[in-house]
Structures are given as C-alpha cells and as structure tokens.
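Here is a short set of exercises to work through with the model open in your viewer. Try each task on your own before you read its solution.

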Amino acid sequence: MKKNKKTLIAAMLVVAMTVMSGCGKTIDTRYDPLSDYSVDSKLPFASRDPNLASESPSPSPSPSVSPSAPAQPWQSENPPASETTPTVAPAPTSRTYTRLESGAEGDEVLALQNRLIQLGYLTGTADGKYGTQTQNAIKLFQKALGISQTGIANVSLQEKLYASNAPAYSASTVATAAPNTGSNANTAAGYSTLVRGDSGDNVRKLQSRLKELGYLSGSADGSFGGQTESAVKAFQRALGLTQSGVASSSLQEKLFSASAPAAAVTVTAAPTQAPATAKPVSPTATPNNTGYTELTYGMKNSLAVQNMQTRLKALGYFTAQCTGNYYSQTAEAVKLFQQAVGLSATGTATVETQILLYASNAPAYSSATAAPTTAPAGTYVVLQKGSRGTEVSNLQKRLIALGWSSSTSADGIYGNNTVKAVKAFQAAVGYEQNGIASVELQTILFSAVAPYNSAATPEPTGTPIPSSSYQTLKPGDTGEAVKNLQRRLKELGYFNGEIGGNYLTRTTAAVKQFETALGRTPTGEASAELQEILFSSAAPAYSDVNVGYTSLAKGDSGLQVTNLQKRLIELGWLTSKADGDFGSATEKAVSAFQAAAGLTQSGVADSDTQNTLFSSNAPRYTAPAPVETPIPTQSPTQTPTQAPTITNPPAQSGYQALEPGDSGDLVAAMQRRLKELGYFNGNVVGNYKDLTTAAVKRFQAAMGWNQDGVASSALLEALYAASAPAYDPTVYGYIGLVNGNTGSAVTAMQQRLIELGWLSGSADGDYGKNTVNAVKAFQNAAGLSATGDADSNTLSILYSGSAPAYTAPAVTDPPVTEPPVTEPPVSPTDAPTVTDPPVDEGYTVLSNGSTGDAVKRLQQRLIELGWLTGTADGDYGAATAQAVAAFQYQIAQPQDGVAGVELQERLFAADAHAYVEYQDLAEGDTGEAVLAVQMRLIELGYLDNTEANTDGEYGPLMSNAIALLQSNSGALPEDVDGVCDIEFQNFLFSDNALAYSLIDQVG
C-alpha cells in the first residue's frame, strides 16, 4: 500500500514538472497583455465569456477587432513576457468613474488608455497622462458611438467604453488604409490633424498619398510646407470642401479611402448663383454613398448634422447656429436645397442630398426665393488691427469659443488682444503670424475643422457638479445643485436673478433659453444630459445665439444687464458705467428711453423695450436746447424775505421739486439759473449730480435755509425770483474751477489772468489747455502747488491786490565779438556758418554750437518747463537741441532743433507748453488723466461736451473719438485702434492736433 502511494506521488510530481516546464522564459512575438489574467482576475474593463455571445446577444453587438485594425505594439515589438509585463491599472467601478479630460493624470487615465489600446483606438503605451493622443482616441470612440466629438471622457462615455459591447476600432469608424497598402499607406489608428509647419512620418505618409493621387509633385520629405498645403487644398477642392489647407483627421480618412478622387478628375468651380430649378450634374469627384448616412429630423449632438449645417450655411440656405441638432430650421434649409437641385423637398438629408450638397458645383442659395436674413457665413472680409464692427465681434467670439483668446468679451474692436489671439491661431494652422485675419484664415477659423487650443482650459467660475452626480432638476427644486445651475446660467448670460438656490420662474425661463440655444424644444427642466452640456466648455453663451430678450428690472444683474447698459450709454441715456447691476440709474435711463420711444414708462426693460432699444432706429438722447432766461411756469407774486429762522419754507405751487439723481429739462433750467447767479460752475447737461447738489446747498446757505441739497418747490420759487441773491465769493469763498468748466466765472478768471499778463488771447469762458497753463504759471509765481486747477485759495490770491503779475525775462543783446578761442578751432562742418543778427523783441536765432547768456536763458526756461534736465551752462549742445525739437513738436513747428524767434516767443510766453510725462491709458481706466484727454477731445471737437464725456472714465465713446482723430490725422488703417497711449497723448496735447479739429466730423 505504501509502495503504491509512493508510486502515485512520484507520478504526480512528474506530471507537475511536465506542466511547469512550459512556464520558463520564452519569446512570443505576439504576446497578449491580457493573457496574464485568469478567469477570475479583475480586468480594467467589463468582460464576458465570448462563448456566451450567441446565447444572449446584446441589442447592438460589438464588432470584433477587424483584420484591418492597426497592429498594436504588443503584437510585434514587445520584449519577452518575463522581462516586460504591461502594467494595467485596475478599472474604476461604475460608481467611481470621474470626468477625465486633457491634462488629467493618474491611474484612471492609465486604465482609460489601456482600454482604448485594447479596442484599437490608441497606439503606443499607456503613460497615465491625458494628452493630445488620448484626446484624439476618445474623439474616435465618440465618433464610433455617433455622438459629439469633444475629446472628453465623461462618466457616461466611460460606462460605454468599459461595457462588454463597446465598439472596437474598425474601418467603419476610422478610415482604412489606401488601396495601395504599401509603405505609403497611413495605417495609424486615428489620424491627428496636420498643418503647415508639422513634420515627421505622418506628414511623409500624407505626402506619399497625395503624390500617389497626383496632387503633389514634390518629394515626400516629411515636412509640411507650402507645396503640401497647396496639395491638401487641391484635394479639398476636389471633394467640394472648404480649402483650408489643414489635413484634419476626417480629411485623411477620405484621402486614404478607396474612393479618394485622383487629381486627374476635373473639378468644376462652384458658381455664385444657380437657377433654382436646375439640377446640377452629379460630380464625379465627390464620394458616393460611402461615408454618408441619412440624417433625419430630431437627431441631436451629431457631428454629421453640424457639418451639414455648416455646408448649408456656407451656401446661404441656413442662417441659424450650427449646433448639430436637427430641428425645424435645419429641415427647412434642407428643403430649400432639395428644391434648388430638383429633389423632392422632404427635409430629410438623404445620401443623395448630401452627395449633391458637398459637391463642388453645389448651387448657392438662389434669389428666386426669399433672401436669407444674414449673409452666408463664407462671405468674409479682411480684418486687421483698427477694424471695428460686427465682423470683428464675430471673429472675437469664435476665437474665445476655440480657446485662442483669453478675453471674456467680444467688443467689436480689433485691438492688441485680438491681434495676439489671431497670431496664436495662425501659428496653430501653420500660417504666417502677422495678426491679420484674412478671408482664407477666417474660412478655416469658422469651419468645423478649426483646431481648439488644447492649452486653454476655460473653466466655469461656478463649481460644476461632478458629472456622476448630475440629477434632473426641475421647477420647485432647491439646494446647492440649483445654485450651481443658476451660477453657470448666469455666467453664460441666460440668468439674471439672485443665486438663491430656488428653482422658480426665472430659473425655468433661463433653462428654456439655453435649450432653445441648443436647438431643442424648451421644457424648462435641467436634465442630467443638459447639465453635462451646460457645464462643458462647448456650451454656447447667450450673446452667441438669438434666443429672444428676457425682461430685466431693478435688482437684476449679469451679462444681459451689461449689454442693456452699454446700449443705453451708446445712445446717451445712461452716463454711469456698464457694471451689470440694474440699479436706480439704469431704471431711470430705461424709463427716459421708454418715454422717448413712446412706450410705457415702467423702468422695466421688457422684450418690447429691448427690441426698440437694440434696433437701428432707437431714439438717441438729445440735450435740451439752451435757453437764455428760464421762464418759470408761474411767476411769483411776492419776493421771499430772507428769514434765517425758517429752516424749511413751506412748499408752494408752480414748481416741481427736484432731487439728486433726477435729470431732464427742469434740471438743466435750474443749473442754468444757478450758473447765472454764480452758484454753479459745472456744465449744463441736465443731470442732478454732485456739482449740482453742492450748488443748491450754496444757494440754501445764502438764503439761510437748511442745506440738504434738495431743490424743493419753495427753493425753486426763490431761485427764479428777480430778487434771488447772487453768490458773493467775498462772503462764502470762491468756488473752484477746473479744466472743462465754462461760463461767466471762467470768463472773469481769464480776464484777471490776462490783466496780470499770465494769459494771452481772449477770455472765451472755456477752461481749456491754455487756461490750465496760465493758472499753473500763476500758481508757481504765487508759491502754490501748480495743479492747473483754480481752487478757492488760488482764486482768492488771484483776485487780491497782492496777486503777482507776469514779468518777461530780461533780454540782453549777445556780445558782438566771441571770446578768444583757447582750444583747437572747430571744423567747418561743425561750426555754425552764420550768426543771425538780432531781430525784434531782442530774440536771436540760436542753434547747435551757440553760446552765451541768450542760450543760458533759453536753457533755464526749458528746464523750468521740464523739457531739459541738468544745468543751464550757456552751451547749445545736443541735449539743448533735442529739448528744443521736443518743444517744436508741441507747437507744430519743424523739429530741426533750432530756436528761432517765434519759438522763443512761444517758449517765454506765460501759457507756454510745459512738459508732461504721460502714461498709457486703456479702456476701463479712470481718473484725472482720462478726464484731461476727454476735455482735450471736446476742445478739438471730437467729443460733445456732456457729463457722459467728462466723467473721467475711458469708455467706448472716448475710444471712438480717438479713432476718428487718428483717422483724420492720416494714421494708417492698422494704427487706427482708439488706443490712448503715450505717443498719442503727446500728439493730442500738442498744436499738431489742432490742425485736425476743423475737419468735418462724420456721424
């Protein structure tokens, strides 16, 4: 028995050793990384026994990897299994899936890549980094599923990817190799977009295929240059596609397909117009049924639908947004095209319809039917720095949407930011980076193959809920999820209410608007799928689509309110900033506009109000015509007695009370009367603000009343009375005057400055640049801070008997003979040839090389005004010549550095231009520097003298005025940008700008 047991054990050992002998080190050139997993091992994706497929087939069985699928690295190039075993991260369960996108790293990305490799969508090794190749592989998988190709692996996509019936890579999803399967065939799984400037094997394969088809005559050198780009364009032309020169993945699919047209095929140029009833000849260069599937009403988020919409839009049949959703507008456009080519107008995009649609001779929208509301998307014009308008705004929106512009608004002004964004896009598509948006570049930019900026990561400021947590939200719901929904809707411009977390009427309306923007039937419910789109970077903003106007009222905020305010400012109804908050000022502006437009004055910007406001015939604000003497509606019968004991006189009939914040003709009349009496020094613009309030308080103080700044009916009664007291500065102090003020107080000050010799010219009542310089000179002489503003202290000294008068510097004749020369004589080329004789006023022409007291006085004056630094040494050298040239520019003289008689007269005048160190200004800046620019533009006639233009805020009106001056002064088109930099300010405040103030203003 024991012997039998021993024999049995020995036999078992022999069998075991025999079995184990197959586990040694061997080489298998087709090593499968999945072979190490036992039946019970945990795979990084869902699996099932393939033998069970016939027992319980899925509704849409997954295709097995076809023989034509690309060879994987582990099939031919891996080292022995014992040396290198693929590391596969365990797959997350359905409960642990998280959204993955470009830039993500870690085990989840590693598992995702391994699954993509196993299905054939990704080549190479899994490194756990979500880069461009992984993004392209995801796009291929999304294409196989027939969904929008975002390159983002959200939760629902990963569920499909790891499912047992996930479609493997095959020729039906990615282009197969070309018929000639030699070395020239591109067999990589998923084509990556190739553009001018790229290089490598993929470019070489592209070139070889183009040569094979007759489009490229050069060599396949692996460098994507001009010839390769031209060849790609020729192939695109043969297919009737936009000739972008970009070899997108979809284009390469067509290029390497068996049906790719050869260059020998004649391609007919697309006509601009075709008879609506004439059916075009079916093009021979267009792919036939291969690649096209019927598209029908109700399809959503389809790339094929989006491409069709883009093509219909280019031909003029479709004017809405290309969303990839097939609804009534798309069906109507398809019907129009079918009518044009003689097909039955069903509205369904059959294969035959698409073949004709993508043909090179597809007819454009015919004038036989109603013209489209907007021009076809393909009608572009060259745009560059300085361009303005809707075309620029559309360009900026597209650059923002694709991530090439970091700006958050499309203001329609082609400035430095737009140039920078265009250059970045040009670099991405292999164009010369000149910052000019040519027609060809815009064709690529607005095409479906336009590349996204993978480096840009536009994230919503609202905290998006993880996609695994999205739940349908509907009216009546509350909580954080609703807050996040409201925050994102507000960020995109659809929602204007408070972020309160209550899903009520406004939230419902905002969701409906977003649904409409996507081309969906509005339900008002935020499904999980809708939220996924809403929180993605591809979500359309409110400003990019036409979804109608939402009623706006006091308390609202957001993008729509900002747009409303901008339009009110543009038309002159609002003078404050467009801050996106609907406050009292906005409410009053809306009410005033409604009155002018004949609408009900509710102060609520309903859809009717906004339709009128944004129309081309919207009424503009017109300041009331000046009236010499305001005529009150009711003449007072008695003159009020000044009784200090009465703090608040009883209200009397005849005058409408006014208070801070009011505006209109009554306010303007009151300002005019206060100005007549000397209480008000501001501009009469009809807005009751700080200056007007201070003036009312002064009048109240003069009357002995309570100084609350409110113009009651009793106060107005007293103000318009013939016995109203004039302001007495000797009692109450002088009221300060500043640059931009006008009126009798300014006239009186100018007369006093002229009397004392500080100002030349006439007293015109306009506080401009010359008056500012005269005040500065007086302040210097009086030992005051030279601000140029005539505050109460400056005016007190100016009108006093001890006010300093201007005294011209003493002028002595230069010596007749030069001092003995102790140094070697100056060469003839350097020495002045002629010393001009003295002329009237005692001034002598001075130039480089001159010396003496006259030069010293000149230098002292240049130093005093800030044009020259250092000491006055009496030697006219290069530094002095440069300072003189700089001053010459200010007075519009040739900049030769020679101090002529006229220059010295201007230099020694009391109101001579002083040197100012300017700083660059940009839209949005505020302060005194901006106000100075506004006043100068008003002085030159490029801005109207209104309170909106004297607020010290750099807005669109100021930009437009600057651009107009730039244009009138002969600036090149690319330099007309409305930017107020240092160079422009030097020009603006010089006499050079005066030469253009008489040019007729347009508009």
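**Exercise 1. Place Ser223 in this predicted model, and decide whether Ser223 is buried, partly exposed or exposed.**

Solution.
- Step 1: Start with the secondary structure. Ser223 sits in the loop that joins α6 (201–212) to α7 (226–239).
- Step 2: Turn to the accessibility. The relative accessibility of Ser223 is 38%. Buried would need a value under 20% and exposed one over 50%, so Ser223 counts as partly exposed.
- Step 3: List the partners of Ser223. Leaving aside residues up to four places away in sequence, Ser223 touches Asp198, Ser199, Val203, Gln207 and Thr228.
- Step 4: Pick one of these partners and compare the two kinds of distance. Gln207 and Ser223 are 16 residues apart in sequence, and their C-alpha atoms are 8.9 Å apart in space.

**Exercise 2. Check the length of α25, then find out how its buried residues are arranged around the axis.**

Solution.
- Step 1: Work out the expected span. The helix has 12 residues, and at 1.5 Å a residue α25 should span 16 Å. The count used is one less than the number of residues.
- Step 2: Compare with the model. The end C-alpha atoms of α25 are 16 Å apart, which agrees.
- Step 3: Collect the buried residues of α25: Val746, Met749, Gln750, Arg752 and Leu753.
- Step 4: Look down the axis. The buried residues of α25 fall within an arc of 160 degrees, so they line one face of the helix. The spacing fits a general rule: an α-helix has 3.6 residues a turn, so residues three or four places apart point the same way.
- Step 5: Inspect the other side of α25, where Ser744 and Glu755 are exposed.
- Step 6: Ask what lies over the buried residues of α25. The cover includes α26 and α27.
- Step 7: Move past the end of the helix. Gly757 follows α25 and has a positive phi, near 90 degrees.

**Exercise 3. Classify the ring pair of Tyr317 and Tyr365, and say which parts of the chain the pair ties together.**

Solution.
- Step 1: Set the scene. Searching the whole structure gives 21 aromatic pairs.
- Step 2: Take the geometry. The ring centres of Tyr317 and Tyr365 are 5.4 Å apart and the planes stand at 75 degrees, so this pair is edge-to-face.
- Step 3: Locate both residues. Tyr317 is in the loop between α9 (303–315) and α10 (328–340), and Tyr365 is in the loop between α11 (351–357) and α12 (390–401), so the pair ties together parts 48 residues apart in sequence.
- Step 4: Check burial. Tyr317, at 6% relative accessibility, counts as buried, and Tyr365, at 12%, counts as buried too.

**Exercise 4. Repeat the analysis for Trp758 and Tyr806.**

Solution.
- Step 1: The pair of Trp758 and Tyr806 is edge-to-face, with 5.4 Å from centre to centre and 65 degrees between the planes.
- Step 2: Trp758 belongs to the loop between α25 (744–755) and α26 (769–781), and Tyr806 to the loop between α27 (792–798) and α28 (853–865); the pair links these distant parts of the chain, 48 residues apart.
- Step 3: Trp758 has 6% relative accessibility and counts as buried, whereas Tyr806, at 25%, counts as partly exposed.

**Exercise 5. How many helices and strands does the protein chain have, and what share of its residues is buried?**

Solution.
- Step 1: The protein chain has 33 helices and 0 strands.
- Step 2: Of its 1003 residues, 42% count as buried.

Note on methods
Residues numbered from 1 in each chain as written. Predicted model: local features only at pLDDT ≥ 70, side-chain atom pairs only at ≥ 80, totals over all residues. Heavy atoms only, no water. Helix = DSSP H or I, 4+ residues; strand = E, 2+ residues; numbered from the N terminus. Buried < 20%, exposed > 50% of the residue type's maximum accessible area, 1.4 Å probe, protein only. Phe/Tyr/Trp six-rings, centres within 6.5 Å; stacked < 30°, edge-to-face > 60°. Arc of directions from axis to C-beta. Contact = heavy atoms within 4.5 Å.
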